[in-house]
Amino acid sequence: MDLLLHPIPRTPTTLSAEDLLARRRAVLQGLASCFSMSEIRQYHSQLIRLGLSSDNDAAGRLLRFCAISPAGDLLYALRLFQRLPNPDPFIFNTLFHSPFLSSPLLIYTQMLLRSVHPNQFTFPSLFKSLSSVCDPRSLSAGRQVHAHVFKLGFHSDSFSQNNLISFYFSCVIPADARQVFDKMPHRSVIAWTTMVGGLCDLGFVEEARNLFDEMPERNSVTWNAMISGYVRNGSYLQALRLFDLMREEGFELEKFTAASLLAACAGLCALEQGRWIHRYIERNGIEVDTKLATTIIDMYCKCGCLEKAYDVFNSLPTKGISSWNSMIGGLATHGRGEEAIKLFGEMEKEMVPPDDITLTNLLSACAHVGFVDQGRKLFDRMVLAHGINPKMEHFGCLVDLYGRAGRLREAEKVIDEMPMEPDASVLGALLGACRIHGNVDLGERIGKRVVELDPKNSGRYVLLANLYAIAGRLEDAANARRLMDDRGVKKETGRSMIEKDCVINEFVAGDKAHPEAREIYDMVDEMLQRIRRHGYVPDTGGGLQDIDEEENPLCYHCEKLAIAFGLMKTKQGETMRICKNLRVCRDCHEASKLISLTYEREIIVRDRNRFHHFKGGQCSCNDYCDHVRFDLPSITMTTSDIFKIKNKSLHRVHISTPNSSKSEHGSLQVQYDAAVKIMLIKNPKF
DNA sequence: GTAGGGTTAG
């Protein structure tokens, strides 16, 4: 029976005033250690019996648990609230504090209607509540409350003002946030930090940095707001540089900054620096809670050090869901699907219920190794066994799972039957699969949709153009690339990074900016010569390339430059770790295998999608990756064809030299006459 | 007799 709707009749009490007070005290004390709604109900019934159901103090404590605790019940809190004859500001403020409240303005209106005066705690929690509510009306509600802040004399209260700044940032109105900030009579370090964090959240990193540089006073939170702002915006190098500055100014590394920096190292594949931070944490006794542990595990996984990630994972006394998730995710990207599934088994044994991320990671683990049926089973059991409703990313994984395996019809069926409109990433998975398996008809249909859904993403156009190119439809390829140019979308430049002595060395194909460029290029030549003896045939030749860096000659691809640098700088037996922003092209993939064999060196490459561990002439991906898995057709082009395409700016699609027709990979062969050949040699851009 | 602002994972 619901206590609130049917209050228990108060039993006539013979308690003396002292006894009543003592009982009241006991109930209030008990309430402080409540952790479930059933206990709350019991205490509530006792309060009713004692005639204290209208007591604001007692009701406030009940309400606090119901409204705020994850084990609470907001509806119960609201019913309690409605029955209070004279709720005080504390009651209202507590409701604003609830993470589950969907209409904070309604409560605020009631507050005004019932003539309850807001106090200094009211506006901070009200703005916070308005910030977290996903309601387009929140902005106008917030503006009205902003006016009240002034009217009621809280315009110099720093708590209210800081929350107001955060509120405007949450509504993506940085100008208004700035205006509040500028008008503040006294700007505390917290107000500055709120501005820095808010600007970074919206991607205005430079503006944030300018403000950061202007700050009259900084503390460790401020430093971390800026460092983590860089990390959140992918500016990992700047994050590490700012950390150097932070140390120069005498600030010690603490927990939050360590976490941000570990994320930066993960982004850069900067294992040496990541290790340094981990050691610092251990040496200085920084508390490793679940979140920090997850960050450390993630760093080791993303830097290609799975075994070290395992060590950290296994050493955790209690493992949170995110620790399991990042370990399973790490195994997935390293192509160790079987272990990922085994680890999931252990997780189930330990009765840790999986969440949607666990399932995403597991499905991706299956997709990377081709466990199609196992992945499908996991997907089918999601709702029934784990109570998790599949989201967009799960459908994306399922499409990827079927697509990579070449089961394109089933992948398309998933898309047709999914309950929501597929987004660009889901369709992109199918497009990628079409390219791998050479299904131009389906790929064209999907590719056109993807390009329109995600028009600013250069990768989508490149994928579509490559799909056309490998099918010999050069004009269509040229058109796809031209569409990208016309829309002002710039292709992401391929970059490879390798860390040496805590310095990140970055390479771009054909680029000679590195101080040791000359030696590096000599090393590439030597490297290629050596692997040729082991059967390496450059993939350059074939003509139209299935690559992302097609403007540059294949032999000086950024990845080969990084490997050459690594060979120069690492000792025999030392593992090389390279991080690339795009996917590894087929030629570099083949070359890396042979380099690992001839130089007896383990090379770990992280690309956009996954890890490749090259060792003894093999890759851990077993070639089950993004490279086309069919024999490319051969086409014949006449001079006029080439000129026709040239006019459509096809110079971006590689046109080969004749000797490449020997390529074992069945690359496209292009035949052309002598005149064109000379032109091609003289004008490599053509 | 109770409460508030800025920084960390997948």
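**Close-up views of a predicted model of chain A**

**Figure 1. Aromatic pairing in the predicted model, with the pair Phe313 and Trp324 as the example.** Aromatic pairs in this predicted structure come to a count of 15. One of them joins Phe313 and Trp324 in an edge-to-face arrangement, with 5.1 Å from centre to centre and 80° between the planes. This pair links distant parts of the chain, since Phe313 belongs to helix α18 (residues 306-315) and Trp324 to helix α19 (residues 321-333), and the two residues are 11 residues apart. Both Phe313 and Trp324 are buried. Elsewhere, ring pairs connect Tyr108, Phe123, Phe127, Phe154, Phe167 and Tyr168 into a cluster.

**Figure 2. Helix α23 and the helices around it.** Helix α23 covers residues 392-404, and its 13 residues should span 18 Å at 1.5 Å a residue, which agrees with the 18 Å that separates its end C-alpha atoms. Because 12 of these 13 residues are buried, α23 is largely enclosed by the rest of the structure. The buried residues are Met392, His394, Phe395, Gly396, Cys397, Leu398, Val399, Asp400, Leu401, Tyr402, Gly403 and Arg404; the charged residue types Asp400 and Arg404 are thus listed alongside Leu398 and Val399. The packing partners of the buried residues of α23 are α21 (356-369), α22 (372-386), α24 (408-417) and α25 (424-437). After the helix comes Gly406, which has a positive phi, near 85°.

**Figure 3. Helix α15 and the residue that follows it.** The 14 residues of helix α15 (residues 255-268) reach 20 Å from the first C-alpha to the last, close to the 20 Å expected at 1.5 Å a residue. Of these 14 residues, 10 are buried, so α15 is largely enclosed by the rest of the structure. Its buried residues are Thr257, Ala258, Ser260, Leu261, Leu262, Ala264, Cys265, Ala266, Gly267 and Leu268. Cys269 follows α15 and has a positive phi, near 60°.

**Figure 4. Arg218 over Phe212, and two spans annotated as repeats.** The charged end of Arg218 sits over the ring of Phe212, at 4.4 Å from the ring centre. An unreviewed UniProt entry places the feature "repeat: PPR" at residues 188-218, 219-253, 320-354 and 355-390. Within residues 188-218, the chain is 74% helix and 0% strand, and 10 Å separates the end C-alpha atoms. Residues 219-253 are likewise 74% helix and 0% strand, with end C-alpha atoms that lie 12 Å apart.

**Figure 5. Arg530, Tyr599 and the end of helix α31.** The charged end of Arg530 sits over the ring of Tyr599, with 4.1 Å between that charged end and the ring centre. Thr598 is found in helix α31, which covers residues 586-598. With a relative accessibility of 12%, Thr598 counts as buried, because the cut-off for burial is under 20%. When neighbours within four places in sequence are left aside, Thr598 is in contact with Arg530, Ile531 and His534, and Arg530 is also the residue whose charged end sits over Tyr599.

**Figure 6. Surroundings of Pro87, viewed through Arg114 and Ala59.** Arg114 is found in the loop between α6 (104-113) and α7 (122-132), and is partly exposed, with a relative accessible area of 31%. Its C-alpha atom is separated by 8.7 Å from that of Pro87, a residue 27 residues apart from Arg114 along the chain. Arg114 touches Phe81, Leu84, Pro85 and Pro87, not counting residues up to four places away in sequence. Ala59, in helix α3 (residues 56-68), counts as buried at 1% relative accessibility. The C-alpha atoms of Ala59 and Pro87 are separated by 9.2 Å, the two residues being 28 residues apart along the chain. Under the same exclusion of residues up to four places away in sequence, Ala59 touches Ser53, Leu84 and Ile91; Leu84 is therefore a contact of both Ala59 and Arg114, contact meaning heavy atoms within 4.5 Å.

**Figure 7. Chain A as the setting for the close-up views.** The secondary structure of chain A comes to 33 helices and six strands. Of its 686 residues, 52% count as buried. Among contacts in chain A with a separation of 6 or more, 67% are between residues 24 or more positions apart. The chain exposes about 32000 Å², of which carbon and sulfur atoms supply 52%.

Notes: Residues numbered from 1 in each chain as written. Chains lettered and ligands numbered in written order. Predicted model: local features only at pLDDT ≥ 70, side-chain atom pairs only at ≥ 80, totals over all residues. Heavy atoms only, no water. Helix = DSSP H or I, 4+ residues; strand = E, 2+ residues; numbered from the N terminus. Expected span 1.5 Å × (residues − 1). Buried < 20%, exposed > 50% of the residue type's maximum accessible area, 1.4 Å probe, protein only. Phe/Tyr/Trp six-rings, centres within 6.5 Å; stacked < 30°, edge-to-face > 60°. Lys NZ or Arg CZ within 6 Å of the ring centre and 35° of its normal. UniProt positions renumbered as here; feature names shortened; annotations may be inferred. Areas by Shrake-Rupley, 256 points an atom, 1.4 Å probe, with all protein chains shown as cover.
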